[in-house]
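Visitor: I should like to be guided through this structure, one question at a time. Where may we begin?

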Amino acid sequence: MQVTIIGNGNMAKGIGTRLIEGGHKVTIHAKDQTKGKELAQLLEQDHQDIKVGVETIGSNPEDIIIIAIPFGEVESVAQKYNGFAGKVVVDITNPVDFNTFQLLPERGESGAEEISKLLPNAKVVKAFNTTLAGTLVAGKVEDKELDVFIASDDQDAKEKITELVKTSDMRPIDVGPLSESRHLEGFGLIQMKIQDQIGTNWMSALKFLG
Ligand SMILES: NC(=O)c1ccc[n+]([C@@H]2O[C@H](COP(=O)([O-])OP(=O)(O)OC[C@H]3O[C@@H](n4cnc5c(N)ncnc54)[C@H](OP(=O)(O)O)[C@@H]3O)[C@@H](O)[C@H]2O)c1
């Protein structure tokens, strides 16, 4: 599949690594071209046979867009790219107020639903918000594949992301409609809060076993 990742930070690197290993074509789209090229080169170095570029967003009609930037920045990016009309857009954000360590949306609401309102003509999928960046680079935790929880109201888009995750050697888990993102974002918040306590240095994974 053709995937554009917006951002050049930790999650862009982690998701990019997994998708490239899965044989997908990844384009890094960064606001700072130099930083974007640096990440593209890093991904290329590890995977000589794959082309990673810094291109115009959504240049391919099949593009899946993964927004790997802070929640608060999504609105400006959405405006810049005209709402990603017709695209499958994956929201990976954890909408957290880092002063209070609480979720930003009103109780009962989710960041993914807020993003979906900003992108009324896109097919929004919540995924990857509970997979920590370092574990995505590593690929496995304790030799077990990563669970990726997926929520969306668009069945076709959900199936596409499910396939993307599966072919990238992770386990997709369908948690239902986009409104379930509020629980995924809660998981994401708790995972952040307990990092010091569990002492795994941000290399833990939320996974269902048994
Ligand atoms: N880190 C994790 O383990 C983890 C796990 C699950 C979910 N998440 C979520 O994933 C998202 C990215 O996290 P991260 O850890 O990758 O953060 P990060 O390493 O700080 O990277 C953030 C990226 O966003 C870019 N960016 C910021 N504002 C932008 C804008 N207006 N337009 C375009 N790009 C912009 C930054 O570019 P510059 O460097 O040029 O500023 C940077 O490349 C966040 O929403 C986070 O909640 C993170």
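Guide: The model is a predicted one. A suitable starting point is a pair of residues on neighbouring strands: isoleucine 64 stands opposite valine 88 in E4.

Visitor: In what sense do strands E3 and E4 run, and how many bridges join them?

Guide: Strand E3 covers residues 64-67, and strand E4 covers residues 88-91. The chain crosses from E3 to E4 through helix H3 (residues 74-80), and this β-α-β crossover is right-handed. The two strands run parallel, and the number of bridges that join them is four.

Visitor: Which residue in E7 stands opposite valine 89?

Guide: E4 also pairs with strand E7 (residues 123-126), in the parallel sense and over four bridges. Within this pairing, the residue opposite valine 89 is valine 124.

Visitor: Are the residues of E4 buried or exposed?

Guide: Val88 and Val90 point one way from the strand, while Val89 and Asp91 point the other way. A residue counts as buried if 20 or more other C-beta atoms lie within 10 Å of its own. For the residues on both sides of E4, the result is that all are buried.

Visitor: Why do the buried residues of H2 lie on the same side of the helix?

Guide: Helix H2 (residues 33-46) has 14 residues and reaches 20 Å from its first C-alpha to its last, close to the 20 Å expected. Its buried residues are Gly36, Leu39, Ala40 and Leu43. An α-helix has 3.6 residues a turn, so residues three or four places apart point the same way. The buried residues of H2 are therefore on the same side, as they cover an arc of only 100°.

Visitor: Which residues are exposed on the other side of H2, and what covers the buried ones?

Guide: The cover over the buried residues includes helix H1 (10-21) and strand E2 (25-29). On the other side of H2, the exposed residues are Thr34, Gln41 and Gln45.

Visitor: How far apart are the C-alpha atoms of valine 26 and leucine 43?

Guide: Valine 26 lies in strand E2 and counts as buried, because it has 25 C-beta neighbours inside 10 Å. Among the residues that valine 26 touches are Ile5, Leu19, Leu43 and Val52. Valine 26 and leucine 43 are 17 residues apart along the chain, and the separation of their C-alpha atoms is 9.6 Å.

Visitor: What arc do the buried residues of H4 cover?

Guide: In helix H4 (residues 111-118), the residues Gly111, Ala112, Ile115 and Ser116 are buried. They line one face of the helix, because seen down the axis they fall within an arc of 140°.

Visitor: Which element gives the most residues to the shell around the ligand?

Guide: The ligand is surrounded by 24 residues, and the closest are Gly9, Met11, Ile69, Thr93 and Ala133. The elements that give two or more residues to this shell are H1 and H3. With three residues, the element that gives the most is H1.

Visitor: Is tryptophan 202 buried or exposed?

Guide: Tryptophan 202 is found in the segment after helix H8 (195-198), and its phi is positive, about 60°, although it is not a glycine. A residue with 12 or fewer other C-beta atoms within 10 Å counts as exposed. Tryptophan 202 has 12 such neighbours, so the answer is exposed.

Terms used
Residues numbered from 1 in each chain as written. Predicted model: local features only at pLDDT ≥ 70, side-chain atom pairs only at ≥ 80, totals over all residues. Expected span 1.5 Å × (residues − 1). Arc of directions from axis to C-beta. Contact = placed C-beta atoms within 7 Å. Pairing = 2+ DSSP bridges. Right-handed = clockwise from strand over helix to strand, strands pointing away. Near = placed C-beta within 6 Å.
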